[in-house]
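Trainee: Could you take me through the paired strands in detail, one partner after another, and then place a few other residues around them? I would like every cut-off stated once, where it is needed.

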Amino acid sequence: MIPFSSRLSRYLAMQMLAGLALSFSVIVTIILLVDFVEQTRAIGTRVDIPATDLFVLTLMRAPLLIEQTLPFIFLFGILTALFRLNRRSELIVMRASGYSAWRIVAPAVWISLIGGLLGAMALNPVGSALNARYEAQEASLTRSSGNRVQSNPIWLRELTEDGYVIIAAADVDGDAGAVTSPRFLYYRQVDGGRPVFDRRIDAERAVLRGGFWGLENAIESTPGQEPEALAALSLPTGIERQALFERSRSPRTIAFWDLPGVITAASEAGLTTHRFELRWQTLLALPLTLIAVSLLAAAATLRLYRLGGAASFALAGGAAGFVVYFVQELLASFGNSASLPPITAAWAAPAITALLALAYLASTEDG
């Protein structure tokens with residue numbers, strides 16, 4: 001059936017879009033207020049910066065935050081629209097005139113499908129780009145205030161035979177398995193575990209190669225001795241490239257269109273990519289997720305208002321949305337730990353929710 005082909009379907013679509021606009025405005029306002037307070041606490045207390053600049057930083061973070069709350073925007077938007085139609089008895093008139101529940105729900109499904117595609121393919125890339133600008137701007141402001149904050153600092157700690165080593169670096173390139181301006185601080189443990197500084201090694205760059213750090217232009221400093229310049233040096237390590245890769249690449253900050261390339265490059269380098277595959281599958285499943293919560297909202301509001309209990313059903317639908325979100329996050333945690341395949345972790349919750357909502361609608365409509 002052609003979407004929005006009839007005047008009534010277009011009317012339903014407009015009502016649902018109005019509900020989505022209301023839900024969007026409320027949720028986005030809350031997001032902006034909360035994040036603005038967070039920016040004021042995290043940056044405003046350390047840097048003398050106008051409130052307008054803090055608000056601009058908040059707007060840079062907003063798209064990614066909106067993407068995360070899209071299911072709630074659609075859940076409460078469709079819920080509001082259908083509940084309002086039910087309370088005004090418009091749904092009763094539609095059902096009495098032979099308009100089936102499936103035709104009432106169809107505009108919500110189409111709007112959710114379009115919204116999910118735009119959220120994954122447009123909102124996510126914009127959010128990732130703006131978030132990168134936000135991080136650069138935040139680092140610039142913090143550095144200009146005199147605080148020592150690097151672009152992508154890294155701190156690692158590793159046990160050795162007689163103590164431990166702390167590795168500090170200014171930046172990390174997870175794809176190449178390298179760190180910039182590393183400092184290796186070696187400590188020995190004596191007298192029941194008391195740490196004693198042993199030596200320090202500085203280098204321009206260090207690259208992980210098969211269980212060893214390959215240091216370039218290294219300088220070794222030992223207490224009581226002159227620093228010794230070393231052209232190259234290899235240090236044994238148990239750290240894997242996967243640790244650097246995951247520190248330098250957060251799946252949520254990689255754009256939808258860049259994720260396949262990151263996954264392919266990491267796979268060819270022999271790195272585990274399940275967290276990035278999960279993010280990719282989650283974005284692919286976003287249209288189904290929005291459809292599922294819209295069907296859930298419809299199932300909770302199509303009970304005729306004159307029969308009573310419509311408000312309770314609507315509240316139950318909203319609560320069910322939070323349960324779905326909790327289950328989806330639980331499955332995502334299993335997916336991040338590689339306990340579940342990425343496809344299962346990303347698609348299971350919205351698929352099951354959509355099927356249950358469809359089953360309830362079918363029993364209500366057809367008995």
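Mentor: Two strands are said to pair if DSSP finds at least two bridges between them, where strands (E, at least two residues) and helices (H or I, at least four residues) are DSSP runs numbered from the N terminus. This is a predicted model, in which local features need pLDDT of at least 70 and side-chain atom pairs count only at pLDDT 80 or more, while totals for chains, interfaces and linings use all residues. Residues are numbered from 1 along each chain as its sequence is written, and side-chain values use heavy atoms, with hydrogens and water left out.

As background to the strands, the protein has ten helices and nine strands, and 42% of its 367 residues count as buried (buried is under 20% relative accessible area, exposed over 50%, partly exposed in between, with a 1.4 Å probe and protein chains only). If we take the contacts (heavy atoms within 4.5 Å) between residues at least 6 apart in sequence, 63% of them join residues at least 24 apart.

Let us begin the pairing with strand E4, which covers residues 178-180. E4 runs antiparallel to strand E7, residues 205-209, and three bridges join the two; within this pairing, alanine 178 of E4 faces valine 207 of E7. Going on from E4 along the chain, one comes to the loop that leads to strand E5 (183-190), and serine 181 is found in that loop. The backbone of serine 181 deserves a look, as its phi is positive at about 50° although the residue is not a glycine. For comparison, most residues other than glycine have a negative phi. With a relative accessibility of 36%, serine 181 counts as partly exposed.

Strand E7 has a further partner in E8, the two being paired in the antiparallel sense over five bridges. Leucine 208 in E7 has tryptophan 213 in E8 as its bridge partner. These two strands make a hairpin in which two residues lie between them, and glycine 210 in the turn takes a positive phi of about 55°.

Strand E8 (residues 212-221) then pairs with strand E9 (residues 228-236), again antiparallel, and here eight bridges connect the strands. Glutamate 216 stands opposite alanine 232, which belongs to E9. E8 and E9 likewise form a hairpin, this time with six residues between the strands, and in its turn glycine 224 shows a positive phi of about 85°. Read in order, then, E4 is joined to E7, E7 to E8, and E8 to E9. When you inspect side chains along these strands, keep in mind that in a regular strand they alternate between the two faces of the sheet.

Away from the strands, serine 89 offers another positive phi in a residue other than glycine, with a value near 65°. Serine 89 sits in the loop between helix H2 (51-87) and helix H3 (90-96), and its relative accessibility of 32% places it in the partly exposed class. Arginine 46 is likewise a loop residue, located between H1 and H2, and it counts as partly exposed at 42% relative accessibility. Although arginine 46 and leucine 141 are 95 residues apart along the chain, their C-alpha atoms are separated by 9.4 Å.

Two helix residues can be set beside these loop positions. Threonine 301, in helix H8, counts as buried because its relative accessibility is 2%. Leaving aside residues up to four places away in sequence, threonine 301 touches Leu79, Leu82, Phe83, Asn86, Leu91 and Ala314. Glutamine 328, which lies in helix H9, is also buried, with a relative accessible area of 14%. From C-alpha to C-alpha, glutamine 328 is 7.5 Å from alanine 345, with 17 residues of sequence separation. With residues up to four places away in sequence again set aside, the contacts of glutamine 328 are Thr289, Ala346, Ala349 and Pro350.
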